[in-house]
Amino acid sequence: MSEVLRETASILHVDMDAFFVSVELLDRPELRGLPVAAAHDTSRSVVSSASYEARKFGVRSAMPIARARQLCPQIVFVTPVFEKYRLASRTVMGIFREFTPLVEPLSIDEAFLDVAGSVGLFGPPIEIARQIKERVFAETKLPLSVGLAGTKFVAKLASQRAKPEGMLEIPPARTLEFLHPLPIKAMWGVGAATERALKTRAIHSVGDLAREPLASLRQIVGNASAERLHDLANGRDARDVETTRVEKSIGHEETFAVDVADVGELERELLRLSTRTSERLRDAGLEARTIAIKVRWDTFETVTRSRTLQEPTNATQRVYRTARELFAALSPEGRLPRAVRLIGVRAEQLIPAGSEGQALWDDDEQWRALDSAVDEVRGKFGAAGLTSARLLGGRGEVVDHRSLQDPG
């Protein structure tokens with residue numbers, strides 16, 4: 001990290017406020033000021049985004065809508081339309097890049113910006129943040145919050161405390177003054193279990209964590225986590241804004257409208273999800289070393305299983321067969337212990353395709369050839385009408401459960 005970044009609050013974390021809901025309110029202005037959530041109004045759906053009026057009642061993203069309605073009986077649900085959010089995101093990210101080429105999107109509605117090289121054109125970082133807010137609102141009518149700091153970690157914390165529609169600048173010289181009074185759960189990587197473990201050692205604040213000897217911290221959370229948490233708690237974060245985002249995993253999951261207990265139907269869904277995941281791997285020029293599945297039972301208990309492969313792959317059949325074997329291990333006697341509410345497939349430990357060379361004997365060679373032919377057809381004619389025969393229903397209808405939580 002350059003000296004300029006260490007001396008000035010020139011790293012910005014820009015976060016759109018209640019993004020999905022804010023986009024929907026552009027078409028439904030009569031709902032402004034009311035508790036609103038973007039969610040499909042069905043018994044099995046979850047909240048994608050909640051307005052700040054709804055959050056006052058405790059409504060949060062990923063909450064089942066039945067629970068949201070219990071907390072806030074007057075809540076209004078609007079059906080999410082992800083294509084609108086993608087279009088709005090592209091416009092917003094384009095505005096960011098007019099102020100600096102150093103933009104690192106974190107998701108559809110937030111990004112880090114490094115504006116150290118832009119101060120000569122647009123003024124100090126706080127002025128750049130103000131101009132960005134004004135430009136985004138002028139062109140999209142969407143609100144946002146901005147945190148400014150000398151590190152990415154502190155900038156993100158600042159934007160969270162600036163919400164909604166605010167700006168908060170933390171000068172690098174006052175980083176510890178800002179950090180140390182915060183509760184320990186404000187730290188990245190501190191979940192409920194880690195928080196409990198730290199509190200048993202009287203570590204309740206970020207300042208407590210910063211003062212804890214590293215050797216003692218290693219005994220509580222392990223070597224890697226101890227060093228990372230200790231550095232962040234002491235204001236040390238050398239990460240630069242990365243303009244090229246490398247995906248750490250690729251996957252898809254499906255939440256069923258009705259719990260499914262039929263193994264054959266679930267295996268067909270695994271094939272569909274494996275196909276989509278593998279296509280995205282190949283489109284991105286990546287291979288996966290690890291394949292994982294996620295299963296949520298009808299009791300809401302969630303289990304994950306993963307397997308690291310001998311050779312990295314992006315072959316559809318290898319991904320599917322691995323996912324199917326992982327799933328079969330959950331019911332060793334051939335019967336599921338309970339019905340399934342959600343199932344997912346994920347490719348992890350991604351590397352550039354071919355970067356580890358080709359094995360002398362390639363067990364996936366025929367599958368790769370088939371995938372190549374399918375990809376060529378997809379490229380020419382699109383994916384419509386092209387599917388595995390196993391994904392055809394008994395009457396020739398394509399089984400296509402589209403995930404409402406997967407805008408990709």
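Reader: What makes a stretch of the protein chain a helix or a strand, and how many of each are there?
Author: The protein chain has 16 helices and 12 strands. Helices are DSSP runs of H or I with at least four residues, strands are runs of E with at least two, and both are numbered from the N terminus. This is a predicted model, where local features need pLDDT of at least 70 and side-chain atom pairs count only at pLDDT 80 or more, while totals for chains, interfaces and linings use all residues. Residues are numbered from 1 along each chain as its sequence is written, and side-chain values use heavy atoms, with hydrogens and water left out.

Reader: How do you know that D17 is buried or exposed?
Author: Buried means under 20% relative accessible area, exposed means over 50%, and partly exposed is in between, using a 1.4 Å probe and protein chains only. D17 has 3% relative accessibility, so it counts as buried. This residue lies in the loop between β1 (11–16) and α2 (19–27). Across the protein chain, buried residues make up 44% of the 408 residues.

Reader: What makes a residue a contact of D17, and which residues are in contact with D17?
Author: Contact means heavy atoms within 4.5 Å. Leaving aside neighbours within four places in sequence, D17 is in contact with S22, Y52, P143, L144, S145, K163, P164 and E165. As for G166, 149 residues away along the chain, its C-alpha atom is separated from that of D17 by 9.8 Å.

Reader: Why is the pair of D17 and S145 side chains called a polar contact?
Author: A polar contact is a pair of N or O atoms within 3.5 Å; within protein, one must be able to donate a hydrogen and the other to accept it, and residues adjacent in sequence count only if both atoms are side-chain atoms. The D17 and S145 side chains make such a contact at 2.9 Å. In addition, the backbone nitrogen of E165 lies 2.7 Å from a polar atom of the D17 side chain.

Reader: What makes β1 mostly covered?
Author: In β1, 6 of its 6 residues are buried. I11, H13 and D15 cover one side, while L12, V14 and M16 are on the other, and all are buried.

Reader: How do you know that β1 pairs with β7, and over how many bridges?
Author: Two strands pair if DSSP finds at least two bridges between them. β1 and β7 (residues 144–149) have 6 bridges, in the antiparallel sense, with L12 standing opposite L148. β1 also pairs with β6 (residues 110–114), antiparallel over 5 bridges, and there the bridge partner of D15 is E110.

Reader: What makes β5 and β8 edge strands?
Author: They belong to an open sheet of 5 strands, in the order β5-β6-β1-β7-β8, with mixed pairing. β5 (103–107) and β8 (167–169) each pair on one side only. From one strand to the next, the twist averages 15 degrees.

Reader: Why is α2 called roughly perpendicular to α5?
Author: Axes are lines fitted to C-alpha atoms, for helices over the stretch in contact, and angles run from 0 to 180 degrees between N-to-C directions. The axes of α2 and α5 (residues 82–99) come within 10 Å and cross at roughly 100 degrees. That makes the two helices roughly perpendicular, since the label covers 65 to 115 degrees, with under 35 roughly parallel, over 145 roughly antiparallel and the rest oblique. Where they meet, F19, F20, V23, E24 and D27 of α2 face F82, K84, Y85, A88 and S89 of α5.

Reader: Which strands does α5 lie across?
Author: α5 lies across β1, β5 and β6, running at about 155 degrees to β5. Helix α8 (residues 152–162) lies across β1, β5, β6, β7 and β8, at about 145 degrees to β7.

Reader: What is the pairing in the sheet with the order β9-β12-β10-β11?
Author: Its 4 strands form an open sheet with antiparallel pairing. The edge strands are β9 (249–260) and β11 (302–313). β10 (residues 286–297) and β11 pair over 8 bridges, and V295 stands opposite V303 in β11. Helix α14 (residues 263–283) packs on this sheet, touching β9, β10, β11 and β12 (340–352).
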